[in-house]
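Subject: Structure for you to look at

Hello,

Here is the structure I said I would pass on. My notes follow below it.

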Amino acid sequence: MRDMGQIRNIVILTGAGISAESGIDTFRSEGGLWEQHRVEDVATPEGFARDPDLVLRFYDMRRAAIQTKQPNPAHYALARLDNEWPGELLIVTQNVDDLHERAGAKRVLHMHGEHLTAWCPSCDIRSPWRAPLMDRPPCPVCQARTLRPDVVWFGEMPYRMGEIYAALRTCDLFVSIGTSGAVYPAAGFVQNAVELGAETLELNLERSQGSSMFHETRLGPASELVPQWTQEMLR
């Protein structure tokens, strides 16, 4: 990897592995189940249309559970880097929890949405939301009872892709933390970064599907690797 003094702009991609150590289950498991549910039933527009009560109940439980979890040392290390790094920095997270923000990070982009907001398709407004959606509460803005989880499901377009690609075009270093490298478009970010001349680093519990594209891979728990790497960057 190039000398740290030559790195000015950083893009960091975080996935389920960084929150797993806070007790938040990773999305993928053997058998294609997510907390004992078929992914097709709880994470697709078709599943929501077929059984909205199941989907709303599922996300109500996850929304409540996430509020009981706490950031771990990896979240706090990235928040420190965000607060102290003098150049451009963007934390692009695939996670829908708020642990980056609770740790103190500010330059965060949730490409797959957030559990603690609700989206009203009727007026296209996203509102902070911590209560259940199961009882079809009215939208705070238009009063329509069409609120749904503000989470990007399979078959839907991730949020703010233009901003992400703009940051990748100007970054000197792309870092992937706790991701499987299996879900696109996020899995393709490392290739974009390499083609544009950026250095690339993977911090992961095990090698991702795209591990061969990274200039360097470090394996281990995020709560250990991320603070170590952050310390190196802020020397």
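Arginine 148 sits in strand β8, which spans residues 148-151. The model is predicted, so please read what follows as a description of that model. With a relative accessible area of 5%, arginine 148 is buried. Leaving aside residues up to four places away in sequence, arginine 148 touches Phe48, Ala118, Trp119, Pro121, Leu133, Trp153 and Glu156. Its side chain reaches the backbone oxygen of valine 151 at 2.7 Å. Arginine 148 also lies over the face of tryptophan 153, 3.8 Å from the ring centre. Arginine 136 is 12 residues away from arginine 148 along the chain, and the C-alpha atoms of the two are separated by 8.8 Å.

Two of the contacts of arginine 148, Phe48 and Trp153, lead on to the aromatic residues. The structure holds 5 aromatic pairs. In one of them, the ring centres of phenylalanine 48 and tryptophan 153 are 5.3 Å apart and the planes stand at 50 degrees, so the pair is tilted. Phenylalanine 48 belongs to helix α3 (residues 45-50) and tryptophan 153 to the loop between β8 and α7, so this pair ties together parts that are 105 residues apart in sequence. Both phenylalanine 48 and tryptophan 153 are buried. In another pair, phenylalanine 58 and tyrosine 59 have ring centres 5.1 Å apart and planes at 85 degrees, which makes the pair edge-to-face. Phenylalanine 58 is buried at a relative accessible area of 5%, and tyrosine 59 is buried at 0%. Ring pairs link Phe48, Phe58, Tyr59 and Trp153 into a cluster.

Glutamine 36 can be placed relative to phenylalanine 58: they are 22 residues apart along the chain, with their C-alpha atoms separated by 11 Å. Glutamine 36 lies in the loop between β2 (33-34) and β3 (37-38), and at 68% relative accessibility it counts as exposed.

Next, helix α7, residues 161-170. Which residues of α7 are buried? They are Met161, Ile164, Ala167 and Leu168. Viewed down the helix axis, these buried residues fall within an arc of 125 degrees, so they line one face of α7. That fits the general rule that an α-helix has 3.6 residues a turn, so residues three or four places apart point the same way. The face turned away from the buried side of α7 carries the exposed residues Gly162 and Arg169. The cover over the buried residues of α7 includes strands β1 (10-14), β4 (89-93), β5 (108-110) and β9 (173-177), along with helix α8 (189-195).

One residue of strand β4 is threonine 93. Threonine 93 is buried, with a relative accessible area of 0%. A polar atom of the threonine 93 side chain lies 3.0 Å from the backbone nitrogen of asparagine 95. Not counting residues up to four places away in sequence, threonine 93 touches Thr14, His100, Val108, Leu109, His110, Met111 and His112.

Some backbone geometry should be checked by eye. Most residues other than glycine have a negative phi, and most peptide bonds are trans. Where does the model have a cis peptide bond? The bond from tyrosine 184 to proline 185 is cis, with omega near 10 degrees. Proline 185 is in the loop between β9 and α8. Aspartate 124, although not a glycine, has a positive phi of about 60 degrees. Aspartate 124 is found in the loop between β6 (113-120) and β7 (125-128), and it counts as partly exposed at 48% relative accessibility. Arginine 160 has a positive phi too, near 55 degrees. Arginine 160 is located in the loop between β8 and α7, and at 43% relative accessibility it counts as partly exposed.

Last, the confidence values. The mean pLDDT of the protein chain is 92, and 94% of its residues reach 70 or more. Over residues 29-33 the pLDDT stays under 50, and for this stretch the model has 6 contacts beyond four places in sequence.

Regards

Terms used: Residues numbered from 1 in each chain as written. Predicted model: local features only at pLDDT ≥ 70, side-chain atom pairs only at ≥ 80, totals over all residues. Heavy atoms only, no water. Helix = DSSP H or I, 4+ residues; strand = E, 2+ residues; numbered from the N terminus. Buried < 20%, exposed > 50% of the residue type's maximum accessible area, 1.4 Å probe, protein only. Contact = heavy atoms within 4.5 Å. Polar contact = N/O pair within 3.5 Å; in protein donor to acceptor, adjacent residues only side chain to side chain. Phe/Tyr/Trp six-rings, centres within 6.5 Å; stacked < 30°, edge-to-face > 60°. Lys NZ or Arg CZ within 6 Å of the ring centre and 35° of its normal. Arc of directions from axis to C-beta. pLDDT = per-residue confidence, 0-100.
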